[in-house]
Amino acid sequence: MVKNAGGNKSKRQGKKFTNQPPKRNLRLIKEEGEIYAAVTKLYGGANCEVICMDGITRLCIIRNKFRGRHKRDNQIEMGTWVLVGLREWEARAADKQSRCDMLEVYNSADKDKLQNTVKENLTPLIAAFEDDEGKIENEVVDFVEDGAEAFITELVQLPSDIDKIDEIDIDEI
């Protein structure tokens, strides 16, 4: 009798997209119209709101390169630092936000390198999220024993007229 050598041979082929992404170099500002920004709000679809290092809040368009299959490598969340390209050529109404395009997403290691290497003023990016974190850390709940004891004693004391409660007649309801 023939010995079963085992299983489906077609499973042996290589799987798609298993290669690790190559190591990225830190991309700095190369041209006029590029600026560093931090994501403050995420809107639906390919839109987010960023605060740029000049202090202006802009609507950022997330390119397809940063969405979909390779999203894991450049996760965009609130507080993420990005490099954006300004749209100086775009005609817009006076009451609308100016727009920009996302060019690069920085992870936390890149963020530290940027702070050390870039000579420009990055304080609006840093201050945009230190205030939020500071508010959360400063809110401390104090447990006061005196108030807690008084509250517990009020809960434990039963009303003296508990025996006088009439029975509820379901037919009357």
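## Cysteines facing one another across the strands

Cysteine 48 stands opposite cysteine 60 in β3, and cysteine 60 in turn stands opposite cysteine 100 in β5. This is a predicted model, and the positions discussed here should be read with that in mind. Although these cysteines face one another across paired strands, the count of disulfides comes to zero. The sulfur of cysteine 48 has its closest cysteine sulfur in cysteine 60, at 4.1 Å, and is therefore too far away for a bond, since a disulfide is counted when the two sulfur atoms lie within 2.5 Å. Cysteine 100 is likewise in no disulfide, and the nearest cysteine sulfur, which belongs to cysteine 60, is 4.1 Å away.

Are cysteine 48 and cysteine 100 buried or exposed? Cysteine 48 is buried, with a relative accessible area of 0%, and cysteine 100 is also buried, with a relative accessible area of 0%.

## The barrel and its pairing

The strands that carry these cysteines belong to a closed barrel of five strands, which runs in the order β1-β2-β3-β5-β4 and has mixed pairing. Neighbouring strands of this sheet are turned against each other by 55 degrees on average, with direction ignored.

Going around the barrel, β1 and β2 pair in the antiparallel sense over five bridges, with valine 50 in β2 as the bridge partner of valine 39. β2 and β3 are also antiparallel, again over five bridges, whereas β3 and β5 run parallel and are joined by three bridges. β5 then pairs with β4 in the antiparallel sense over six bridges, where aspartate 101 in β5 is the bridge partner of glycine 85. Five bridges join β4 to β1, which run antiparallel, and in this pairing alanine 37 stands opposite valine 82 in β4.

## Two hairpins with glycines in positive phi

β1 and β2 form a hairpin with four residues between them, and glycine 45 in the turn has a positive phi of about 70 degrees. The hairpin of β2 and β3 has four residues between the strands as well, and here glycine 55 takes a positive phi near 90 degrees.

## Burial and the nonpolar core

Seven of the nine residues of β1 are buried, so this strand is largely enclosed by the rest of the structure. Strand β3, residues 57-61, is mostly covered, with four of its five residues buried.

The largest nonpolar core has 29 residues, of which Tyr36, Val50, Val82, Val84 and Met102 touch the most other members. Two or more residues of this core come from each of β1 (34-42), β2 (47-52), β4 (81-86), β5 (99-106) and α2 (123-138). In soluble globular proteins, nonpolar side chains tend to be buried together. Valine 84 illustrates the surroundings of one such core member: leaving aside residues up to four places away in sequence, valine 84 touches residues including Ala37, Cys52, Cys60, Cys100, Asp101 and Met102.

## The aromatic pair

The structure holds one aromatic pair, formed by tyrosine 36 and tyrosine 106, whose rings are tilted, at 6.2 Å centre to centre and with 50 degrees between the planes. Which parts of the chain does the pair link? Tyrosine 36 lies in strand β1 and tyrosine 106 in strand β5, 70 residues apart, and the pair thus links distant parts of the chain. Both tyrosine 36 and tyrosine 106 are buried, and Tyr36 is also among the residues that touch the most other members of the largest nonpolar core.

Technical notes
Residues are numbered from 1 along each chain as its sequence is written. This is a predicted model: local features need pLDDT of at least 70, side-chain atom pairs count only at pLDDT 80 or more; totals for chains, interfaces and linings use all residues. Side-chain values use heavy atoms; hydrogens and water are left out. A nonpolar core is a set of buried Ala, Val, Leu, Ile, Met, Phe, Trp, Tyr and Cys residues joined through side-chain atoms within 4.5 Å. Buried means under 20% relative accessible area, exposed over 50%, partly exposed in between (1.4 Å probe, protein chains only). Contact means heavy atoms within 4.5 Å. Rings of Phe, Tyr and Trp (its six-membered ring) pair if their centres lie within 6.5 Å; planes under 30 degrees apart count as stacked, over 60 as edge-to-face and the rest as tilted. Two strands pair if DSSP finds at least two bridges between them. Axes are lines fitted to C-alpha atoms, for helices over the stretch in contact, and angles run from 0 to 180 degrees between N-to-C directions.
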